[in-house]
Amino acid sequence: MDLLTLGGLIVAFASVFLANWLGGGEVVLLLNLPSAIIVIVGSLGAALAQSTVHEAISALRMLSWSLFPPVFDLESNRRTINHLAHKARRFSILALENDVQALNNGFAIRAMQMAVDGADPELLSDRLHDEAERIRDQRSAHISFLESIGGYAPTLGIMGSVLGLIQAMANLDSPEALGHGIAVAFVSTLYGQGFANLVIFPLCRKLNRYADRELLNNQMFIDGIHGIAIGKHPQRLDLELSGYE
């Protein structure tokens with residue numbers, strides 16, 4: 001679990017409540033369920049309206065990366081490739097048949113299996129690079145869906161404030177109730193800005209870094225497996241892959 005993400009969210013929200021408390025505001029005024037519903041549910045609904053079901057589900061599943069990030073250990077994977085390169089040079093690439101599943105990476109497993117099955121190394125490299133780019137494009141589409149939620153949130157917050165003001169105006173004959181109603185109405189604007197800028201956008205930037213790391217990891221596997229397939233010397237191959245960090 002990525003405790004930094006959780007800690008960052010806690011600090012961000014704590015700063016808002018702390019600033020409100022130091023300014024003499026009541027904490028209870030910041031807790032408003034209708035405002036949360038119109039901002040969070042409304043933003044999600046608007047994003048769903050512009051997307052497909054598959055894209056939405058995949059994007060929400062990818063959101064879990066922010067707390068439980070995938071592990072792309074390039075150094076460990078480079079050592080694995082080096083071991084396989086030595087084995088293939090000593091025996092043959094066919095000797096790697098039993099080592100394919102040990103790669104523990106779906107993309108690398110497919111790539112190595114194709115190499116063991118005798119695919120042309122150059123065609124294999126081109127095809128795998130295209131596939132790696134398509135995977136990155138899919139990740140980008142999922143992140144764009146999440147960013148659209150953050151884009152709609154501030155507008156939905158303003159709409160919530162307008163609705164709150166409409167309800168507050170119904171209490172013109174009661175100054176005390178009117179003042180409280182206006183204060184609560186602007187909570188929606190705060191929710192919209194906070195949800196977008198304290199939650200969605202920071203998490204999307206983190207997801208982008210993970211997606212870039214995944215692409216780099218896949219590219220390293222492609223170059224490594226291509227080197228094994230053409231019989232490149234293990235030491236030279238390891239030196240070339242050392243640039244992946």
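Which residue forms a salt bridge with arginine 78? Let us take that as the way into this model, which is a predicted one. The partner is glutamate 75, and the closest N and O atoms of the two residues are 3.0 Å apart. Both sit in helix α4, which covers residues 74–90, and their positions in the chain are three residues apart, so about one helical turn separates them. Their surroundings can be described one by one. Arginine 78 has a relative accessibility of 13%, and because the limit for buried is under 20%, this residue counts as buried. Glutamate 75, with a relative accessible area of 38%, is partly exposed. As a general point, side chains of opposite charge can pair when their charged atoms come close.

While you are looking at helix α4, find asparagine 77, which also belongs to that helix. Is asparagine 77 buried or exposed? Its relative accessible area is 14%, so asparagine 77 is buried. Leaving aside residues up to four places away in sequence, asparagine 77 touches Asn217, Met220 and Phe221.

Now follow the chain past the end of α4. The loop that leads from α4 to α5 (106–116) holds asparagine 104. The backbone of asparagine 104 deserves a look: phi is near 60 degrees, a positive value in a residue that is not glycine. Asparagine 104 has a relative accessible area of 71%, and so this residue is exposed.

Back to the charged pairs. Across the whole structure, a search finds 10 salt bridges. Two of them can be viewed together, as they have glutamate 240 in common. In one, glutamate 240 pairs with lysine 232, with 2.9 Å between the closest N and O atoms. In the other, the side chain of glutamate 240 meets that of arginine 236, at 3.2 Å from N to O. Arginine 236 and glutamate 240 are both in helix α9 (residues 234–241), four residues apart, so about one helical turn lies between them. Glutamate 240 is partly exposed, at 37% relative accessibility, whereas arginine 236 is exposed, at 52% relative accessible area. Elsewhere, salt bridges with shared partners link Glu75, Arg78, Arg79 and Asp238 into one network, and this brings back the pair of glutamate 75 and arginine 78 from the opening.

Next, step back to the domains. The domain assignment splits the protein chain into domain 1 (1–31) and domain 2 (32–244). Taken over C-alpha atoms, the centres of domain 1 and domain 2 are 27 Å apart. Where the two domains are in contact, 11 residues come from domain 1 and 16 residues come from domain 2.

That division helps in placing the largest pocket. Why does the largest pocket lie between domain 1 and domain 2? Both domains give residues to its lining, so the pocket lies between them. Its volume is about 260 Å³. The lining of the largest pocket is made of 14 residues, and those nearest the centre are Phe13, Leu190, Tyr191, Gly194 and Phe195. Three helices, α1 (3–22), α2 (33–49) and α8 (187–229), each contribute at least two residues to this lining. The most comes from α8, which supplies six residues. In chemical terms, the lining of the largest pocket has 13 nonpolar residues, one polar residue and no charged ones.

The second largest pocket comes next. Its space amounts to about 220 Å³. Elements giving two or more residues to the lining of the second largest pocket are α2, α6 (121–169) and α7 (175–185). Helix α6 provides the largest share, five residues. In total, 13 residues line the second largest pocket, and Asn32, Pro34, Gly160, Gly164 and Gln167 lie nearest its centre. What is the make-up of the lining of the second largest pocket? The count gives six nonpolar residues, seven polar residues and no charged residues.

Set side by side, the two linings make a good closing view. The lining of the largest pocket divides into 13 nonpolar and one polar, while that of the second largest pocket divides into six nonpolar and seven polar. Helix α2 appears among the contributors to the largest pocket and also among those of the second largest pocket.

Conventions:
Residues numbered from 1 in each chain as written. Predicted model: local features only at pLDDT ≥ 70, side-chain atom pairs only at ≥ 80, totals over all residues. Heavy atoms only, no water. 1 Å grid on protein atoms, 1.4 Å probe; cavity = no way out; pocket = protein on both sides within 12 Å on 5 of 7 lines; lining within 4 Å. Points joined across faces, edges and corners; volume = space filled by probe spheres on them. Nonpolar A, V, L, I, M, F, W, Y, C, P; charged D, E, K, R; others polar. Domains from an automatic or database assignment. Salt bridge = Lys/Arg side-chain N within 4 Å of Asp/Glu carboxyl O. Buried < 20%, exposed > 50% of the residue type's maximum accessible area, 1.4 Å probe, protein only. Contact = heavy atoms within 4.5 Å.
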